[in-house]
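Q: I would like to learn how to read helix packing and a few backbone details from a set of coordinates. Could we work through one example together, step by step?

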Amino acid sequence: MNQGRHILFLNEFYHPDICASAVVAADHLPKIAALRPDWKVSILCGDRAWDDPSIKYPARETIDAVNVVRVDRPSVSRRSLLRRALGFAAFGRNAVRAAGTLGKIDLVVGTTAPPQGGDIARKIAKACGSKYIYKVLDLYPDLAAALGKTRAGGFLYRRWLTADTRAMQGAAAVVCIAERMTRRIAETRPIPGDRLHTIHDGYDASRLAPTPDNPFRARHNSDGRFVVQYAGNMGLSHPFDAILAAARQLASDKGIRFQFIGDGPQRETIRVQLSPNCQLIDYQPADQLGNILATADVCLISQHETMFDMALPYKIYANLAAGKPVIFIGNRRSEIAEWLEDSGAGICVPHSDPGALVAAVQAFRGSEEKRTAAGRAARALFEARFDSSAAARAWVELLERC
């Protein structure tokens, strides 16, 4: 029995932040602590809110048996890549320093939030004489090149790839959130296969219980239209051209409403292209997600075609848990496309064919039986594979081995 083991997780954000990596960590870590109460579970994160950097959280607190240690993270705009890079660097320096004040650390788990998180975990582990695990949320620098933020094969790309590969090679385990990402690493980097693992993040469905009066529906769909909903990050990896084009094609149908809920670099692009049948809605409090998804008749997920093996949109798990039909706009080689089409929970359409998206929306709208069957399939798929309690158990098994 590893009495007194100290497991240190590293993630740029943590509860009460609403960004995906913070939600996942706040979902998994208390479950890990409950499964192994003999361990001390800590997380090093930044002190500023992801969606509003003017908000600062306490430097130290305990949340659901997890020891939360927050370090200074500069207030930077999420829309400026240069300022974000400076923020990443400052967070990394402060995290390494703070780790030195936490006493004995037996294992470090770093993530790609920030993108250099694997290297930060390596430095902390080296300083405290422990092993580390590298969790890959997004695969860099591949993702940055796919977005056109760095040139594949260029100087910056090569340096970044070298550093990231070094972090993977030194890790006791490399954990990806999707099988396609694991395969890509195995095919493109010299990492021993026995160190590569896939653990899907999953979701805690108890967070989705809608309230009986559903104030979100009352405010945003009081006239009972058929709601086609995109809820989440409006980032560069989520193209909206096909969705906006489909909305325009369906503008004459007064019974359909498209909802865009969230924020990100593409929010302004969406705003200026909205047709009359669309709503642009700000980020909602995390406790409203159940009401938001209960308002949707169909949920949309969009991912850049080239990123099918570099990232996995986290919103898929909540959509499945809510028992909603899903239309995925992206590459058919994505795991999400495979899950939806194999289970009957949804449809995959390409970004190049807005007409296919229109047809998919009309098919779901025109058949309550089709919607009900897809919703049931979504929930069944979630219960069979993606409850986050299973992910927490898989993490405990891996941590024990390491």
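A: Let us begin with the idea behind helix packing: an axis is a line fitted to C-alpha atoms, for helices over the stretch in contact, and the angle between two axes runs from 0 to 180 degrees between N-to-C directions. Please keep in mind throughout that this is a predicted model.

Q: At what angle do α1 and α15 pack, and how far apart are their axes?
A: The two helices pack at an angle of about 60°, and their axes are 9 Å apart. Because angles of 65 to 115 degrees count as roughly perpendicular and those under 35 as roughly parallel, α1 is oblique to α15. The crossing in which α1 passes α15 is right-handed.

Q: Which residues of α1 and α15 meet?
A: From α1 come Asp27, His28, Lys31, Ile32 and Leu35, and they meet Ser388, Ser389, Ala391, Ala392, Arg393, Trp395, Val396 and Leu399 of α15. Sorted by class, this contact has 7 nonpolar, 3 polar and 3 charged residues.

Q: How many of the residues of α1 are buried?
A: A residue counts as buried when its relative accessible area is under 20%. In α1, 12 of the 16 residues are buried, so this helix is largely enclosed by the rest of the structure. Among the buried residues are Val23, Val24 and Leu29, but also Asp27, His28 and Lys31, and the last three of these also take part in the contact with α15. The elements that cover the buried residues of α1 include the strands β1 (6-10), β2 (40-46), β4 (66-71) and β6 (131-136), together with α15 (388-401).

Q: What span should helix α1 have, and how far apart are its end C-alpha atoms?
A: The expected span is 1.5 Å times one less than the number of residues. For the 16 residues of α1 (residues 20-35) this should give 22 Å, and the end C-alpha atoms are 23 Å apart, which agrees.

Q: How are α13 and α14 placed relative to each other?
A: Helix α13 (residues 354-366) and helix α14 (residues 368-385) pack at about 100°, with axes 5 Å apart, and they are therefore roughly perpendicular to each other. Ala363, Phe364, Arg365 and Gly366 of α13 make the contact with Glu368, Lys370, Arg371 and Ala374 of α14. By class, the residues of this contact divide into 3 nonpolar, 1 polar and 4 charged.

Q: Is Ala321 buried or exposed, and what is it in contact with beyond its neighbours in sequence?
A: Ala321, which has its place in helix α11 (residues 315-321), has a relative accessible area of 6% and is buried. Leaving aside neighbours within four places in sequence, Ala321 is in contact with Tyr203, Ala205, Leu208, Arg379 and Phe382.

Q: Which peptide bond in the loop between β1 and α1 is cis?
A: The bond from His15 to Pro16 is cis, with omega near 10°, and Pro16 is found in the loop between β1 and α1. Another cis peptide bond joins Tyr140 and Pro141, with omega about 0°; Pro141 is in the loop between β6 and α4 (142-146).

Q: What is the sign of phi at Asp64 and Asn214, and are these residues buried or exposed?
A: Asp64 is not a glycine, yet its phi is positive, about 50°, and Asn214, also not a glycine, has a positive phi of about 40°. Asp64 lies in the loop between β3 (60-63) and β4 and counts as exposed at 56% relative accessibility. Asn214, in the loop between β8 (196-198) and α7 (215-220), is buried, with a relative accessible area of 2%.

Notes: Residues numbered from 1 in each chain as written. Predicted model: local features only at pLDDT ≥ 70, side-chain atom pairs only at ≥ 80, totals over all residues. Heavy atoms only, no water. Helix = DSSP H or I, 4+ residues; strand = E, 2+ residues; numbered from the N terminus. Buried < 20%, exposed > 50% of the residue type's maximum accessible area, 1.4 Å probe, protein only. Contact = heavy atoms within 4.5 Å. Parallel < 35°, antiparallel > 145°, perpendicular 65-115°, else oblique. Left-handed = near helix turned anticlockwise from the far one by under 90°. Nonpolar A, V, L, I, M, F, W, Y, C, P; charged D, E, K, R; others polar.
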